[in-house]
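User: I would like a close look at one part of this model: its salt bridges and their setting in the fold. Please give the cut-off for each term where it is used.

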Amino acid sequence: METPDQLPVPSNPEPVPSSPKPVPSNPERPRPPIKRHHTARYYANMVRESLMTRLSKKLCVIFLMLLLTVGIILFVLWLSLRPHRPRFFIQEFSIPALAEPAGFENAEISFNATARNSNQHIGIYYDSMEVSVYYREQRIGATPLAESFFQEPKTTTLLSAILGGATLTVNSQRWMEFMNDRRRGRVTFRLEIKSTIRFKVSSWWDSKRHTVHANCPIVLGSDGSLLPAYKNKRCPVYFT
């Protein structure tokens, strides 16, 4: 039963029409991709450039390999032909008169040394050789040691000399200094071997001349003989 204050509600209300969507007048269509057509000359140039690039790379690799090979060969030759300086060793050195009360009157110095050519394929020319003996950096004797000679590779040459008389300049005051050192148990000298040498690298190539110096430290005991610690000792060598 309906009351007079309520209005009837329709069971199926009519839908409200929506506003229509605008339709574009000229819709844009997707453009197809542009196809570029190349000539045969273009493709020929591309192929030629590709071949040139590959050829250049191969030539660079070949050149670098040749350069590396030549460098290795030159390095090996340099190692095998690089001359080594001669080696000097002191074998014996003695002043027998140090053990005698009146030894000053017949004082002599005798020594034996060796020169070693350690090169595998290189010989050494010795143009001349001289030996000097120093005491407290004062030369007390000198004499020619050897005439010119050639030393084969991997050989050893014996060098020996006796200094006395005119080749030994020792006065009585110097001899007293020797005897004072002898009482302390050690008399120190320096033996210098000097020579002008050339290296024979091959049958057609000799090096320039070098002046070689070998400085051998010498220490004698109270009997005037070389102490065992200094026997067969290698002498420092330098060039001037």
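Analyst: A salt bridge is taken here as a side-chain nitrogen of Lys or Arg within 4 Å of a carboxyl oxygen of Asp or Glu. The model is predicted, so local features need pLDDT of at least 70 and side-chain atom pairs pLDDT 80 or more, while totals for chains, interfaces and linings use all residues. Numbering starts from 1 along each chain as its sequence is written, and side-chain values use heavy atoms, without hydrogens or water.

The structure holds 9 salt bridges. They are set in a protein chain with 2 helices and 11 strands (DSSP runs numbered from the N terminus: H or I over at least four residues for helices, E over at least two for strands). Read from the N terminus, the order of elements is α-β-β-β-β-β-β-α-β-β-β-β-β. Among contacts (heavy atoms within 4.5 Å) with a separation of 6 or more, 70% join residues 24 or more positions apart.

One pair is formed by D206 and R198, whose closest N and O atoms are 3.6 Å apart. For burial, the classes are buried under 20% relative accessible area, exposed over 50% and partly exposed in between, with a 1.4 Å probe and protein chains only. D206 is partly exposed because its relative accessible area is 34%, whereas R198, at 18%, counts as buried. Of the 240 residues in the protein chain, 29% are buried.

A second pair joins K231 to E92, with an N to O distance of 3.8 Å. K231 sits in the loop between β9 and β10 (233-235) and E92 in strand β1, so this salt bridge ties together parts that are 139 residues apart in sequence. Both partners are partly exposed: K231 has a relative accessible area of 35%, and E92 has 36%. The loop between β9 and β10 also contains N232, a residue other than glycine with a positive phi near 55°. As a general background, most residues other than glycine have a negative phi. K154 is another case of a positive phi in a residue other than glycine, near 60°; K154 lies in the loop between β5 (149-151) and β6 and is partly exposed at 41% relative accessibility.

In a third pair, the closest N and O atoms of R190 and E137 are 3.0 Å apart. Because R190 belongs to strand β7 and E137 to the loop between β3 and β4, parts that are 53 residues apart in sequence are tied together. E137 is exposed, with a relative accessible area of 54%.

Beyond these pairs, a network of salt bridges links R136, R174, E177, D181 and R184. E177 and D181 are also among the buried residues of α2, together with W175, F178 and M179. The buried residues of this helix pack against β3, β4 and β7. α2 has 12 residues and spans 17 Å from its first C-alpha to its last, close to the expected 16 Å (1.5 Å times one less than the number of residues). Just after α2, G185 adopts a positive phi of about 100°.

The nonpolar interior completes this setting. A nonpolar core is a set of buried Ala, Val, Leu, Ile, Met, Phe, Trp, Tyr and Cys residues joined through side-chain atoms within 4.5 Å. The largest one has 44 residues, and F93, F111 and F189 have the most contacts inside it. The elements that each supply at least two of its residues include β1 (87-94), β3 (123-135), α2 (172-183) and β7 (187-202).

Outside its neighbours within four places in sequence, F93 is in contact with residues including I109, F111, F189, L191 and L226. I95, in the loop between β1 and β2, is buried at 1% relative accessibility. Residues up to four places away in sequence aside, I95 touches E108, I109, W175, F189, L220, D223 and G224. The C-alpha atoms of I95 and L226 are separated by 8.9 Å, although these residues are 131 residues apart along the chain.
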